[in-house]
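Thank you for asking me to look through this entry with you. My comments are set out as numbered points, so that each can be checked against the coordinates in turn.

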Amino acid sequence: MEATLRVLNDLESRGLLTRYAIGGAMALLFHTEPVATFDLDIFCLIPETGPLVTMSPLYDALRKDGHTVDAEHVLIAGVPVQFIPAYNTLIVEALHEADDRKFGDTPTRVLRLEHLLAIMLQTGRPKDRQRAALFATNSTFDEPRLLDLLTRHGLFDQWQQIRSVR
Amino acid sequence: MAANPLSSLTVATSAELAEAVFRQKEQRRQTLAAMPVDEKYQRFLQLQRMVSETLKAAGRPCPTVWPMTDSKP
């Protein structure tokens, strides 16, 4: 994965991504126990060049650099990467407040656990709710920070539901 | 490999035994969560391969497993 992260850092330094951070199950690995996944979710801010937002320059550059675009993934150094543009205010905030981390010798960014929990609650798929319930019980998170962001993003009721089935 | 503390455990009821198993599982999860990231990543890669093998055995499509080459930072 380190080689993949180096490519992502390069994309950011070339301005093809404004900012990126690891999300999804791989981000959880930095905060708590490992869970299975087969793709690397990369939340990102895309440079805005006009009234429309497009990922074409990013995908064109990746193809030009020899990476394989396959359906919704790009295979980068053997790892299927899914680029997820920031699609709402919660994701934008999560990206701006992501932790600077290192994987091996390579600097990267990882979404904070509080934001990951909030995104799981917002997405609301069965697997997200299941993971949120699991990590709500077992992880060390900043509770005042979590409650603040859940309240601001209208997710407090979902959180109460998760807590009530613990 | 460490001895399984449950293997010699004797309690009064099955419910107590199940409770002990759940406590042990919880402890195991906490131990995993506290590991350094590079060590957790190794476990993750093993997990991926196990899931992939299971899917293959069930005749289901196998997603791409990640390379081991740069997995030791």
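The points below go from the nonpolar core to single residues and then to the charged pairs.

1. Please keep in mind throughout that this is a predicted model. In soluble globular proteins, nonpolar side chains tend to be buried together. Here the largest nonpolar core holds 64 residues, and of these Leu58(A) and Phe83(A) touch the most other members. The largest share of this core, seven residues, is supplied by helix H5 (residues 113–123) of chain A. Because domain 1 (2–111) and domain 2 (114–165) of chain A both give residues to the core, it lies between them.

2. Phe83(A) deserves a look of its own, since its contacts beyond four places in sequence include Leu8(A), Leu11(A), Ile42(A), Met55(A), Leu58(A) and Ile76(A). Ile76(A) is found in strand E4 (residues 73–76) of chain A and is buried, with a relative accessible area of 0%. Among the residues that Ile76(A) touches, again not counting those up to four places away, are Thr4(A), Val7(A), Leu8(A), His67(A) and Val81(A).

3. Helix H1 (residues 2–13) of chain A has twelve residues and spans 16 Å from its first C-alpha to its last, which is close to the 16 Å expected at 1.5 Å a residue. Its buried residues are Glu2(A), Thr4(A), Leu5(A), Val7(A), Leu8(A) and Leu11(A). Just after this helix, Gly15(A) takes a positive phi of about 80°.

4. Two residues that are not glycine also have a positive phi, and I would check both: Ala71(A), at about 50°, and Ala77(A), near 50°. Ala71(A) sits in the loop between strand E3 (68–70) and E4 of chain A and is exposed, with a relative accessible area of 64%. Ala77(A) is placed in the loop between E4 and strand E5 (79–85) of chain A, and at 37% relative accessibility Ala77(A) counts as partly exposed.

5. What is the nearest side chain of opposite charge to Arg131(A), a buried residue without a salt bridge? It is Asp128(A), at 5.1 Å, whereas a salt bridge would need a side-chain nitrogen within 4 Å of a carboxyl oxygen. Arg131(A) belongs to helix H6 (residues 126–138) of chain A, and its contacts outside its neighbours within four places are Ala25(A), Leu28(A), Val35(A), Ala36(A) and Met120(A).

6. Over all chains, the structure has 15 salt bridges. In one of them Asp65(A) pairs with Arg14(A), with the closest N and O atoms 2.9 Å apart. Asp65(A) lies in the loop between helix H3 (56–64) and E3 and Arg14(A) in the loop between H1 and strand E1 (19–22), so the pair ties together parts of chain A that are 51 residues apart in sequence. Asp10(A) joins Arg14(A) and Asp65(A) in a network of salt bridges.

7. A further salt bridge, of 2.6 Å from N to O, joins Arg29(B) and Glu33(A). This pair crosses between chains, from helix H1 (residues 14–34) of chain B to the loop between helix H2 (24–31) and strand E2 (40–45) of chain A, and both residues are buried. As for chain B as a whole, its secondary structure comes to two helices and zero strands, and buried residues make up 23% of its 73 residues.

Notes:
Residues numbered from 1 in each chain as written. Chains lettered and ligands numbered in written order. Predicted model: local features only at pLDDT ≥ 70, side-chain atom pairs only at ≥ 80, totals over all residues. Heavy atoms only, no water. Helix = DSSP H or I, 4+ residues; strand = E, 2+ residues; numbered from the N terminus. Buried < 20%, exposed > 50% of the residue type's maximum accessible area, 1.4 Å probe, protein only. Contact = heavy atoms within 4.5 Å. Lys, Arg positive; Asp, Glu negative; His and termini not counted. Core = buried A, V, L, I, M, F, W, Y, C linked by side-chain atoms within 4.5 Å. Domains from an automatic or database assignment. Expected span 1.5 Å × (residues − 1).
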